[in-house]
Amino acid sequence: MSRSSRYFINNLKDFAPDQSIKIPIDAIKNQCLKYMQQISDQQTLSTKDCDGSLYVGLAGVSYAFYHLSQNPEFVKDRQDLLSKSWHYLQPALSHAEKGRNRRDSAFLLGSGGVYATAAAVMKALGREKECNEYVEKYAAMADGCMEGDYLGCGSDEILVGRAGYLAGILFLQRVLGKQVLPSQKIHMLCETIVDSGTKYSRQHHSNSPLMYAYHGTEYFGAAHGTSGIFQMLLCFPYYLDSNPTADKRLKESVDYLLSTQTKSGNFPSSADEVERPRKESSELVHWCHGAPGIVYLMAKAYQRWKEDKYLQSCLQCGEVTWTKGLLCKGPGICHGVAGSGYVFLLLHRLTGDALHLHRAIEFAKFMETEEFIRGARTPDMPLSLYEGIAGTMCFVADLLRPEQAHFPFSDVF
């Protein structure tokens with residue numbers, strides 16, 4: 001298999017209409033066990049390893065083991081997996097307790113994500129008192145997210161801003177089966193996000209009623225951009241139901257973003273690229289920037305507004321991901337092959353079409369080939385959740401239960 005500068009050329013066998021799908025359970029479990037062993041053998045517990053929270057730190061490694069512990073296929077290993085999850089989480093918690101800055105509330109890159117993970121792990125271990133304590137710590141961070149641009153560089157996106165904090169609320173509600181923040185505060189957070197986007201759009205004469213910038217760039221992607229923010233607003237339908245003006249602005253903004261989808265099925269990484277697009281050979285097809293992340297927004301939009309154009313956008317995202325998603329950057333979920341594979345698991349849940357499950361399995365298999373192992377780059381944090389094999393392990397394990405599979409902290413169903 002040959003490669004471009006960004007991805008391996010996809011020569012994988014695609015799905016045939018008369019083909020039946022059989023999930024290779026033993027091979028997938030062995031792949032997961034291999035990743036587990038690599039992490040156990042190589043992951044250290046230094047202060048430096050704690051930096052990066054869920055994104056590239058120990059908290060993310062802890063989450064990956066927790067995620068596997070909840071998979072019925074690993075029920076015999078459940079206690080061992082939870083023990084390992086707690087093992088990696090303890091230093092991350094100690095590190096989080098020392099943090100005292102404006103980014104404490106960040107979900108993927110701050111203390112917030114550590115506390116949310118701790119609450120989930122404590123719940124799984126039956127330690128309800130500690131679970132509630134960590135939930136309270138997370139909930140207490142909401143007030144710090146209410147003030148305008150509290151970070152000074154854009155405070156609404158997923159990695160460090162308000163949308164990320166809301167992602168943590170959704171995660172905790174699903175894990176605990178109860179509300180963890182009063183509805184009034186959730187409403188206020190959503191309102192602040194809408195007000196922030198409206199104000200920025202008017203000041204900068206944007207074509208989208210809601211627009212956001214992070215460090216001066218109007219990103220479109222899931223990590224720092226509008227799609228991740230819009231997706232989180234859509235995940236709180238009772239707020240939108242109570243505020244028709246916000247719902248209208250959001251829909252018009254999603255439609256603006258939809259209008260920028262390219263012929264290939266991808267999206268520009270930022271507003272700058274709408275008028276001055278990248279060459280197709282250098283476009284970014286990643287979860288963080290591009291179709292593999294924006295597809296979650298379009299899936300959520302389809303569920304809320306029931307318009308076929310959003311479903312068609314999702315399917316186009318799938319096609320460009322199949323073509324360009326065997327990324328050279330590595331195996332991770334942020335900008336690697338596992339992140340691409342999750343697109344097909346989403347589409348399988350959304351449509352029920354076996355084509356997408358087949359494609360997800362093929363991407364998982366590809367990461368076991370010599371071609372990928374020799375040709376892919378080694379991420380900066382090769383064991384981590386978003387860049388490394390901890391996230392890959394989550395993706396591969398999710399192949400065992402595709403009806404419940406979801407990109408970490410991005411379940412739109």
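## The second largest cavity

The second largest cavity of this structure has a volume of about 50 Å³. The model in which this cavity appears is a predicted one. Twelve positions need to be located in order to trace its wall: Y296, Y342, L345, L346, R349, A405, H406, F407, S410, D411, V412 and F413. Helix α16, which covers residues 337-351, gives the largest share of this lining, namely four residues. By chemical character, the lining divides into eight nonpolar, two polar and two charged residues.

## The largest cavity

The structure holds four cavities of 30 Å³ or more. The largest cavity has a volume of about 110 Å³. Its lining consists of 15 residues, and those nearest its centre are I158, Q231, W287, F409 and S410. S410 is also one of the residues that line the second largest cavity.

Helix α10, formed by residues 226-234, provides the largest share of the lining of the largest cavity, with three residues. Eleven residues of this lining are nonpolar and four are polar, while no charged residue takes part.

## The largest pocket

The largest pocket contains about 410 Å³ of space. Of the 19 residues that line this pocket, F171, R174, V175, R401 and H406 lie nearest its centre. H406 also belongs to the lining of the second largest cavity.

Three helices, α4, α6 (111-124) and α8 (162-176), each supply at least two residues of the pocket lining. Helix α8 gives the largest share, with five residues. The lining of the largest pocket is divided into nine nonpolar, five polar and five charged residues.

## Two buried helices

Helix α19 runs from residue 389 to residue 398, and because ten of its ten residues are buried, this helix is largely enclosed by the rest of the structure. The buried residues are I389, A390, G391, T392, M393, C394, F395, V396, A397 and D398. The elements that cover them include α1 (25-42), α4 (58-69), α16 and α17 (354-366).

Helix α4, one of the elements covering α19, is itself buried in twelve of its twelve residues, so α4 too is largely enclosed by the rest of the structure. Its buried residues are L58, A59, G60, V61, S62, Y63, A64, F65, Y66, H67, L68 and S69. From its first C-alpha to its last, α4 reaches 17 Å, close to the 16 Å expected at 1.5 Å a residue. In an α-helix there are 3.6 residues a turn, so residues three or four places apart point the same way.

## A buried serine in helix α3

S53 is found in helix α3, which consists of residues 53-56. S53 has a relative accessible area of 4% and is therefore buried, since the cut-off for that class is under 20%. Not counting residues up to four places away in sequence, S53 touches L58, A59, G60, F107, L108, L109, G110, G113 and V114. Among these contacts, L58, A59 and G60 are also buried residues of α4.

## The annotated binding site

An unreviewed UniProt entry places the feature "binding site" at C288, C334 and H335. These positions span 48 residues in sequence, yet no two of their C-alpha atoms are more than 6.6 Å apart, so they gather at one spot.

C288 lies in the loop between α13 (272-275) and α14 (291-305), and its relative accessible area of 8% makes this residue buried. Leaving aside neighbours within four places in sequence, C288 is in contact with G221, A222, A223, C334 and H335. C334 occupies the loop between α15 (308-324) and α16. This residue is likewise buried, with a relative accessible area of 1%. With neighbours within four places in sequence left aside, C334 is in contact with Y55, H286, W287, C288 and Y386. One of these partners, W287, is among the residues nearest the centre of the largest cavity.

## An exposed aspartate in helix α1

Is D26, a residue of helix α1, buried or exposed? D26 is exposed, because its relative accessible area is 60% and the exposed class begins over 50%. The C-alpha atoms of D26 and S259 are separated by 43 Å, and these two residues are 233 residues apart along the chain.

Note on methods: Residues are numbered from 1 along each chain as its sequence is written. This is a predicted model: local features need pLDDT of at least 70, side-chain atom pairs count only at pLDDT 80 or more; totals for chains, interfaces and linings use all residues. Side-chain values use heavy atoms; hydrogens and water are left out. On a 1 Å grid over the protein atoms alone, a cavity is a set of points where a 1.4 Å probe fits but cannot get out, and a pocket is an open set with protein on both sides within 12 Å along at least five of seven lines; lining residues have an atom within 4 Å of a point. Grid points are joined across faces, edges and corners, and a volume is the space filled by probe spheres set on the points. Ala, Val, Leu, Ile, Met, Phe, Trp, Tyr, Cys and Pro count as nonpolar, Asp, Glu, Lys and Arg as charged, and the others, Gly among them, as polar. Buried means under 20% relative accessible area, exposed over 50%, partly exposed in between (1.4 Å probe, protein chains only). Contact means heavy atoms within 4.5 Å. The expected span of a helix is 1.5 Å times one less than its number of residues. UniProt positions are given in the numbering used here, feature names are shortened, and annotations may be inferred rather than shown by experiment.
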